[in-house]
Amino acid sequence: MQINEQTNQNEESVHVLRLHDSLMMRWIYFGIGLTALFMGILGIFLPILPTTPFILLAAGCFARSSERFHVYLLNHRIAGPIIYEWSAHRSIPRRVKRWAYLMMALSFGSSILIVSSYWLKLMLFSLAIVLAIFIWRVPVRDTGVPAQKF
């Protein structure tokens, strides 16, 4: 019985849906959330644009503006576990971190090969290093908890 109560408390602390009192602020949060979601989707295809931070920002904005969009992101088969892991433990799964490094190496590497200017190559290489350090600093939890349905 005590384990079930503890699990329910953990789920409640992760479920951060708190709609803003002001309707105008809800619309502002909703607009920022849609923009962040769009940028995150673009980040799947564009080499320099990150995906995960934009999806996390969208989830945070939807938690303040739209229960429907917030629950949709939490129940999404790909984004849901990442959002849950970040909300519950402020970490990302090791497989996500490895995937981020691989995609970053492929996208920055191909971009560096394509551009002709040495200045642009240096800028891209510098951005890749900064992004790699940022990802490296994010904690990893090996005993990852599967995403919870809300």
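The exercises below concern a predicted model, and each task is followed by a solution in steps.

**Exercise 1. The overall fold**

Task: State how many helices and strands the protein has, and give the pattern that the elements follow along the sequence.

Solution. Begin with the inventory of secondary structure, in which the protein has seven helices and zero strands. Reading along the sequence then gives the pattern α-α-α-α-α-α-α. The next step concerns burial, and here buried residues make up 26% of the 150 residues in the protein. The last step turns to contacts with a separation of 6 or more, of which 66% are accounted for by residues 24 or more positions apart.

**Exercise 2. An aromatic cluster**

Task: Determine which residues form the aromatic cluster, and classify the geometry of the pair F30 and F62 and of the pair F30 and F69.

Solution. The count of aromatic pairs comes to four. For F30 and F62, the ring centres are 5.8 Å apart and the planes stand at 50°, so this pair is tilted, given that planes under 30 degrees apart count as stacked and those over 60 as edge-to-face. The pair links distant parts of the chain, since F30 belongs to helix α2 and F62 to helix α3, 32 residues apart.

Burial can be assigned next, with the cut-off that buried means under 20% relative accessible area. F30 has a relative accessible area of 17% and is therefore buried, and F62, with a value of 0%, is buried as well.

The pair F30 and F69 is edge-to-face, with 5.0 Å from centre to centre and 75° between the planes. Because F30 lies in helix α2 and F69 in helix α4, this pair ties together parts that are 39 residues apart in sequence. F69 has a relative accessible area of 25%, so this residue counts as partly exposed. To complete the solution, W27, F30, F62 and F69 form one aromatic cluster.

**Exercise 3. The largest pocket**

Task: Describe the largest pocket by its volume, by the elements that contribute to its lining, and by the chemical character of the lining residues.

Solution. The largest pocket holds about 1,100 Å³ of space. Its lining consists of 38 residues, and those closest to the centre of the pocket are P50, T51, T52, I82 and W99. Two or more lining residues come from each of the elements α2 (23-45), α3 (52-65), α4 (67-75), α5 (79-89), α6 (94-114) and α7 (118-137). Helix α6 provides the largest share of the lining, namely eight residues. Sorting the lining by character gives 31 nonpolar residues, five polar ones and two charged ones.

**Exercise 4. Two isoleucines**

Task: For I48 and I55, establish the location, decide between buried, partly exposed and exposed, and list the contacts beyond four places in sequence.

Solution. I48 is placed in the loop between α2 and α3. Its relative accessible area of 39% falls between the cut-offs of 20% and 50%, so I48 is partly exposed. Leaving aside neighbours within four places in sequence, I48 is in contact with F108, L124 and L127. For F108, which is 60 residues away from I48 along the chain, the separation between the two C-alpha atoms is 7.2 Å.

I55 lies in helix α3. With a relative accessible area of 13%, I55 is buried, because this value is under 20%. When neighbours within four places in sequence are again left aside, I55 is in contact with L37, G40, L73, A79 and I83. From C-alpha to C-alpha, I55 and F38 are 8.8 Å apart in space, while their spacing in sequence is 17 residues.

**Exercise 5. Two loop residues**

Task: Locate H20 and R90, then identify the backbone atom that lies 3.0 Å from a polar side-chain atom of H20, and state the sign of phi at R90.

Solution. H20 is found in the loop between α1 (2-14) and α2. The backbone atom in question is the nitrogen of S22, which lies 3.0 Å from a polar atom of the H20 side chain. Not counting residues up to four places away in sequence, H20 touches M25, R26, Y29 and R64. R90, for its part, is found in the loop between α5 and α6. The phi of R90 is positive, at about 50°, although this residue is not a glycine.

Key. Residues numbered from 1 in each chain as written. Predicted model: local features only at pLDDT ≥ 70, side-chain atom pairs only at ≥ 80, totals over all residues. Heavy atoms only, no water. 1 Å grid on protein atoms, 1.4 Å probe; cavity = no way out; pocket = protein on both sides within 12 Å on 5 of 7 lines; lining within 4 Å. Points joined across faces, edges and corners; volume = space filled by probe spheres on them. Helix = DSSP H or I, 4+ residues; strand = E, 2+ residues; numbered from the N terminus. Nonpolar A, V, L, I, M, F, W, Y, C, P; charged D, E, K, R; others polar. Phe/Tyr/Trp six-rings, centres within 6.5 Å; stacked < 30°, edge-to-face > 60°. Buried < 20%, exposed > 50% of the residue type's maximum accessible area, 1.4 Å probe, protein only. Polar contact = N/O pair within 3.5 Å; in protein donor to acceptor, adjacent residues only side chain to side chain. Contact = heavy atoms within 4.5 Å.
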